[in-house]
Amino acid sequence: MKDAEIKSALEQAQQHAAAGAFEDARAICLRIFAHNPGVIGALQTYMSVTRVTPRDPVLKRLRAFARGAQMPAAIASQVQFMLGKGLDDIGDHSGAFAAFVRANALKPVQFDAAAQARLAEATLQAVAQAPRLQLGPVAPRMVFIVGMPRSGSSVLAQLLGMHPDICSVGEMTALGRALQALDPSLPRFIQTMTPDRLVALRTAYMAEIVAAGRGAPVIVDKMPENYWLGWLIPMLFPDAVVLESQRPALATCWSCFRNDFGQGHGYSTDFSTLWTHYHRYKTMAEAWRARAGAQWQVIALDDLAAAPRATIQPCLTSLGLTWAEAMARPEDANSDLRTLSKWQARQALAPEIASAWTHYQSLVLNRWGSKLDPPPTRQGSAPI
């Protein structure tokens, strides 16, 4: 394979992975490895769609890379993330934990925590002082899934998308981009809101979202970071349902820390910074939930995994819909998942998908527990 052929094959493997054709993705990666066993993109794709065994040659190769010669920090970080995932697959949780710690220490990502704190505070203050404007209803009905990354939003979107009257359009930045086009300063937009500006924002957003919705009467927009705009959604869509996907704080933060987001979510590479960021999100979400009232519903991943029908029924009732049996099998969805959760979201619903993080609970608490404010609690204690 020449470089151009490897690039084309890798793109094809990534497309198969996003579509859930995991065997096809693996087969292409293995063909690439036959020519060049060190292609990082192929290693990442292979690991994202494979639950490796102790004898998997790719896991052996990652161990060798991790012990081997010096490499750029960004590549070394990626290798450690992949090694951690492989060690997790085989049940070596202490080894995986150490690899994830090394991966984040190596990762060359910058995050301005102070700037994020200032933006969050300015947004909270601006919203508290802003008039409560509201547009009229518009078709189709909208469902917005918000929350922290790794909180179960992909599984929730997959489940809803299995309903015959609902189309889940995946992770789209349409609302944020439409807002940026009107005003790049979020606090300033809030301070200068008028009904006409809200109409312009909704029109620009709907032009993109309806085209992706394929004529469905209900569209699900799953973009977790839209929690920043949770105050705005009820103004634009008075009959929308906002679903906040949630997991325990420690579970959410550990899941973020152990995953490689590329250049995104820079707060996740330092656990203390991540913990603070999580509680900043919680402060905003609680404020927007109080404003939204019945439009805002919380969906806990633990509940969704254990009892999907009972957990999702309030949302369906709000939409005037009833449960569809296909919703119990989100793993059968044929949607294209451009998300780190493409493997998890295609697993059968079971309590285990929400509780696997507990293997790391003691390791996390022993390393960081005394440094976190508020102090974390163990699984089974009161939620934080």
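How are helices α3 and α4 oriented to each other? In this predicted model, α3 spans residues 40–48 and α4 spans residues 57–67. The two helices pack at an angle of about 130 degrees. Angles over 145 degrees count as roughly antiparallel, those from 65 to 115 as roughly perpendicular, and those under 35 as roughly parallel. The angle of about 130 degrees falls in none of these ranges, and α3 and α4 are therefore oblique to each other. Their axes lie 11 Å apart. The crossing of the pair is left-handed.

Residues from both helices make the contact. Helix α3 contributes Leu43, Tyr46 and Met47. Helix α4 contributes Val58, Arg61, Leu62 and Phe65. By class, six of these residues are nonpolar and one is charged. No polar residue takes part in the contact of α3 with α4.

A separate feature of the model is the second largest pocket. About 520 Å³ of space lies within this pocket. Its lining comprises 21 residues. The closest to the pocket centre are Gly176, Glu225, Asn226, Trp228 and Leu229.

Two helices, α7 (113–129) and α9 (174–182), each supply at least two residues of this lining. Helix α9 gives the most, with four residues. By class, the lining of the second largest pocket has 10 nonpolar residues. Eight polar and three charged residues are also found there.

Technical notes:
Residues numbered from 1 in each chain as written. Predicted model: local features only at pLDDT ≥ 70, side-chain atom pairs only at ≥ 80, totals over all residues. Heavy atoms only, no water. Axes fitted to C-alpha atoms, helices over the stretch in contact; angles between N-to-C directions. Left-handed = near helix turned anticlockwise from the far one by under 90°. Contact = heavy atoms within 4.5 Å. Nonpolar A, V, L, I, M, F, W, Y, C, P; charged D, E, K, R; others polar. 1 Å grid on protein atoms, 1.4 Å probe; cavity = no way out; pocket = protein on both sides within 12 Å on 5 of 7 lines; lining within 4 Å. Points joined across faces, edges and corners; volume = space filled by probe spheres on them.
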